[in-house]
Amino acid sequence: MPTATSQVVSQLQRSIARAIYGKEDAIQLALITLLARGHLLIEDVPGVGKTTLAQALRKILSLQLSSASSSRRTCSQRCLGVSVYNPESRDFEFRSGPIFANVVLADEINRTTPRTQSALLEAMNEAQVTVDGKTLPLPQPFLVIATQIPWSITAPIPCRNRSSTVS
């Protein structure tokens with residue numbers, strides 16, 4: 001007889017499967033990863049539903065989602081946040097970056113700089129970040145869904161109709 005937990009997980013899987021078709025394994029792994037307080041790396045070609053999976057998780061579980069787009073120009077401050085001077089209070093105020101969400105989609109993580117990857121690793125391993133010498137806790141639950149395009153892809157990939165994966 002199924003336990004209450006397995007019934008809830010099965011219901012979550014079915015709900016997410018309504019938003020993204022043909023990715024049952026990825027859905028199951030994402031839920032297991034979230035329950036185990038881990039993080040997920042998905043390697044696949046563009047346009048197959050990686051972002052849709054993160055959005056479905058956020059919506060079904062009522063979590064906050066943010067996206068940390070990756071490129072060689074992305075710096076760790078853009079991901080973590082930055083202190084900005086407020087002339088009225090004559091002090092610096094911290095403006096949090098996208099890492100301060102329950103579900104963080106780190107798209108094309110293999111394109112980021114080593115410094116940004118290091119900041120993400122601290123966040124994933126310690127559930128905290130260090131900015132301007134201060135350690136700040138991250139919200140719980142905290143899940144990073146990192147994506148990367150396979151290195152074997154060298155030719156341009158034809159565009160797909162992304163609306164076909166969303167109900």
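Modeller: Let's agree on one term before we start: contact means heavy atoms within 4.5 Å. Please also keep in mind that this is a predicted model.

Biologist: Gladly! With that in hand, what is Thr33 in contact with, leaving aside its neighbours within four places in sequence?

Modeller: Gly38, His39, Leu40 and Leu143 are its partners once those neighbours are set aside. Thr33 itself sits in helix 2, which covers residues 24-35.

Biologist: And what makes Thr33 count as buried?

Modeller: The cut-off for buried is under 20% relative accessible area. Thr33 has 12%, so it counts as buried.

Biologist: Let's turn to helix packing. Why is helix 1 called oblique to helix 3?

Modeller: Helix 1 (residues 4-17) and helix 3 (residues 50-61) have their axes 10 Å apart and pack at an angle of about 130°. Roughly antiparallel needs an angle over 145 degrees, and roughly perpendicular takes 65 to 115. The angle of about 130° fits neither class, so helix 1 is oblique to helix 3.

Biologist: Which hand does the crossing of helix 1 and helix 3 have, left or right?

Modeller: That crossing is right-handed. Helix 1 brings Leu12, Ser15 and Ile16 to the contact, while helix 3 brings Leu53, Ala56, Leu57, Ile60 and Leu61.

Biologist: How do the residues in the contact of helix 1 with helix 3 divide by class?

Modeller: There are 7 nonpolar residues, 1 polar and no charged ones. Ser15 is the polar one, because Ser is not on the nonpolar or the charged list.

Biologist: Now for helix 2. Why is helix 2 also described as oblique to helix 3?

Modeller: Helix 2 and helix 3 pack at about 55°, and their axes are 11 Å apart. An angle under 35 degrees would be roughly parallel, and roughly perpendicular begins at 65. About 55° lies between those limits, so helix 2 is oblique to helix 3.

Biologist: What is the hand of the crossing of helix 2 and helix 3, and which residues make the contact?

Modeller: The crossing of helix 2 and helix 3 is right-handed. Ala26, Ile27, Ala30, Leu31 and Leu34 of helix 2 meet Leu53, Leu57 and Leu61 of helix 3. By class, this contact has 8 nonpolar residues, no polar ones and no charged ones.

Biologist: On to the rings. How many aromatic pairs are there?

Modeller: The count is 2 aromatic pairs. Tyr85 and Phe92 form an edge-to-face pair, with centres 5.3 Å apart and 65° between the planes.

Biologist: How do you know that Phe92 is exposed?

Modeller: Exposed requires over 50%. Phe92 is at 53%, so it counts as exposed. Tyr85 is at 42%, which lies between the 20% and 50% limits, so it is partly exposed.

Biologist: And why are Phe94 and Phe100 called edge-to-face?

Modeller: Ring centres must lie within 6.5 Å to pair, and planes over 60 degrees apart are edge-to-face. The centres of Phe94 and Phe100 are 5.8 Å apart with planes at 70°, so both conditions are met. Phe94 is partly exposed at 32%, whereas Phe100 is buried at 15%.

Biologist: Finally, the whole chain: how many helices and strands does it have?

Modeller: It has 5 helices and 8 strands, in the order α-α-β-α-β-α-β-β-β-α-β-β-β. Of the 167 residues, 37% are buried. Among contacts with a separation of 6 or more, 68% join residues 24 or more positions apart.

Key
Residues numbered from 1 in each chain as written. Predicted model: local features only at pLDDT ≥ 70, side-chain atom pairs only at ≥ 80, totals over all residues. Heavy atoms only, no water. Phe/Tyr/Trp six-rings, centres within 6.5 Å; stacked < 30°, edge-to-face > 60°. Buried < 20%, exposed > 50% of the residue type's maximum accessible area, 1.4 Å probe, protein only. Axes fitted to C-alpha atoms, helices over the stretch in contact; angles between N-to-C directions. Helix = DSSP H or I, 4+ residues; strand = E, 2+ residues; numbered from the N terminus. Left-handed = near helix turned anticlockwise from the far one by under 90°.
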